[in-house]
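Here are my comments on the model you passed along. Have the structure open while you read, as I jump around the chain a fair bit.

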Amino acid sequence: MEVILAKSAGFCFGVRRAVDTVYQQVKCGGQIYTYGPIIHNEAVVQDLEEKGVRVLQEEELEDLQEGTVIIRSHGVPKRVCRMIEEKGLTCVDATCPFVKRIHRIVEKESGAGKQIVIIGNPGHPEVEGIMGWSETPAIVVETEKEAENLDCPAGKDVCLVSQTTFNYNKFQDLVEIIQKKGYNISVANTICNATEERQAEAKLIASQVDAMIVIGGTHSSNTRKLYEICRKECEYTCFIQTLDDLQLDFPDSVFRVGITAGASTPNYIIEEVQNYVRVNF
Ligand code: F3S
């Protein structure tokens, strides 16, 4: 059986970097905390817990006396970094460099007097983090209605950034609405294309194979989307969480199998599935 594994399967660059950082810190010893779960994958969080890594809730930071606090790839508001330092704790910043870039833009431009507008979901931790780097209150816009109703302080120039995972077409539509309002506006397209690349590669592989395996959590919306994309290209597409779910009953005509995985699927699960298919079919 020929197996084609998507290069973009699983963790994106920023998440992989953050998870690797935690494992590296474990080797250094001492009490390690992650500021919120490092990734939305129970198996990984549990494995880290067994290695002594604790997930820190926001309200717990105040009482913490010692240890190392790791910031996850989403990033945090500036005040959180300050608090960790002021308390004399060790701060290991695993914020994705693409998110860090937004923090720098927002800090600089708000410091220069501009009104920051963030295109994104106001409840998402990444957006909360970005807001926290603006020197003056930032405005978050998620819908067309909010873009139409946007009311920035008179005379202020506007700097517009985006949440990294925001849909590009929707971003363009919202920018267009805001640009018509007559502000002096600078736009930084800070969308990361890791998700789009994963989807494009999955589509390409699914169109070239006889069967496709999509690995990821059943509640993971990005994995579900991957499944839908692959299903359109390849009739024999299956969705599994781990190797245990794999019940391959392929017809004899299946010679090539493609594999991809959602953003929070760890490498070892992908490898297990890949090895199993290679050996057993
Ligand atoms: Fe991942 Fe960083 Fe992009 S966390 S989705 S590589 S912004």
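The points below go from the whole chain to the cores, one helix, the ligand, the aromatic pairs and a few single residues.

1. First, the overall picture. Keep in mind that this is a predicted model. The protein chain has ten helices and twelve strands, and its C-alpha atoms fill a box of roughly 70 × 50 × 20 Å along the principal axes. Of its 281 residues, 48% count as buried. Among the contacts with a separation of 6 or more, 68% are between residues 24 or more positions apart.

2. Next, the largest nonpolar core. This core has 28 residues, and the members that touch the most others are Ile213, Ile215, Val273 and Val277. Strand E1 (2–5), helix H8 (194–206), strand E10 (211–215), H9, strand E12 (256–261) and helix H10 (267–280) each give two or more residues to this core. E10 gives the most, with five residues. As general background, nonpolar side chains tend to be buried together in soluble globular proteins.

3. Isoleucine 215 is a good place to zoom in. Leaving aside neighbours within four places in sequence, the contacts of isoleucine 215 include Thr223, Ile240, Ile259, Ile269, Ile270 and Val273. Also on that list are Gln241, Thr260, Ala261, Gly262 and Thr265.

4. There is a second core too. That one is separate, has 25 residues and includes Ile105, Val106, Ile116 and Ala188. Ile105 and Val106 also appear among the buried residues of H4, which brings me to that helix.

5. H4 has 15 residues and reaches 21 Å from its first C-alpha to its last, close to the 21 Å expected at 1.5 Å a residue. Its buried residues are Val99, Lys100, Ile102, His103, Ile105, Val106, Glu109 and Ser110. An α-helix has 3.6 residues a turn, so residues three or four places apart point the same way; try reading the buried list with that in mind. The cover over those buried residues includes strand E5 (90–93), strand E6 (115–119), helix H5 (125–131) and strand E8 (158–162). Just after H4, glycine 113 takes a positive phi of about 100°.

6. Glutamate 109 deserves its own look. This residue lies in helix H4 and counts as buried, at 17% relative accessibility. What does glutamate 109 touch, not counting residues up to four places away in sequence? The list is Lys114, Ile116 and Cys159. Of these, Ile116 is included in the second core.

7. On to the ligand. Cys12, Gly14, Cys96, Phe98, Thr164, Cys192 and Ala194 surround the ligand. By class, this shell has five nonpolar and two polar residues, with no charged ones.

8. How many aromatic pairs are there? The count comes to three. In one of them, phenylalanine 13 and phenylalanine 98 have ring centres 5.7 Å apart and planes at 55°, so the pair is tilted. Phenylalanine 13 lies in helix H1 (residues 13–28) and phenylalanine 98 in helix H4 (residues 97–111), so this pair ties together parts that are 85 residues apart in sequence. Both rings belong to partly exposed residues: phenylalanine 13 has a relative accessible area of 46%, and phenylalanine 98 is at 42%. Phe98 is also one of the residues around the ligand.

9. Tyrosine 227 and phenylalanine 239 form another pair, with centres 5.7 Å apart and planes at 40°, so this one is tilted as well. Tyrosine 227 is in helix H9 (residues 221–233) and phenylalanine 239 in strand E11 (residues 237–240), so the parts tied together here are twelve residues apart in sequence. Tyrosine 227 counts as partly exposed at 24% relative accessibility, as does phenylalanine 239 at 21%.

10. Finally, two loop residues. Serine 264 sits in the loop between E12 and H10 and is buried, with a relative accessible area of 18%. Beyond its neighbours within four places in sequence, serine 264 is in contact with Phe11, Ile39, His40 and Asn41. Cysteine 152 is in the loop between helix H6 (144–148) and E8, and it is buried, at 6% relative accessible area. Outside four places in sequence, cysteine 152 is in contact with Gln115, Val117, Ile139, Val158 and Tyr183. From cysteine 152 to isoleucine 139 the C-alpha to C-alpha distance is 8.5 Å, with their positions 13 residues apart in sequence.

Terms used. Residues are numbered from 1 along each chain as its sequence is written. This is a predicted model: local features need pLDDT of at least 70, side-chain atom pairs count only at pLDDT 80 or more; totals for chains, interfaces and linings use all residues. Side-chain values use heavy atoms; hydrogens and water are left out. Rings of Phe, Tyr and Trp (its six-membered ring) pair if their centres lie within 6.5 Å; planes under 30 degrees apart count as stacked, over 60 as edge-to-face and the rest as tilted. Helices (H or I, at least four residues) and strands (E, at least two) are DSSP runs, numbered from the N terminus. Buried means under 20% relative accessible area, exposed over 50%, partly exposed in between (1.4 Å probe, protein chains only). A residue is near a molecule or strand if one of its heavy atoms lies within 4 Å of it. Ala, Val, Leu, Ile, Met, Phe, Trp, Tyr, Cys and Pro count as nonpolar, Asp, Glu, Lys and Arg as charged, and the others, Gly among them, as polar. A nonpolar core is a set of buried Ala, Val, Leu, Ile, Met, Phe, Trp, Tyr and Cys residues joined through side-chain atoms within 4.5 Å. Contact means heavy atoms within 4.5 Å. The expected span of a helix is 1.5 Å times one less than its number of residues.
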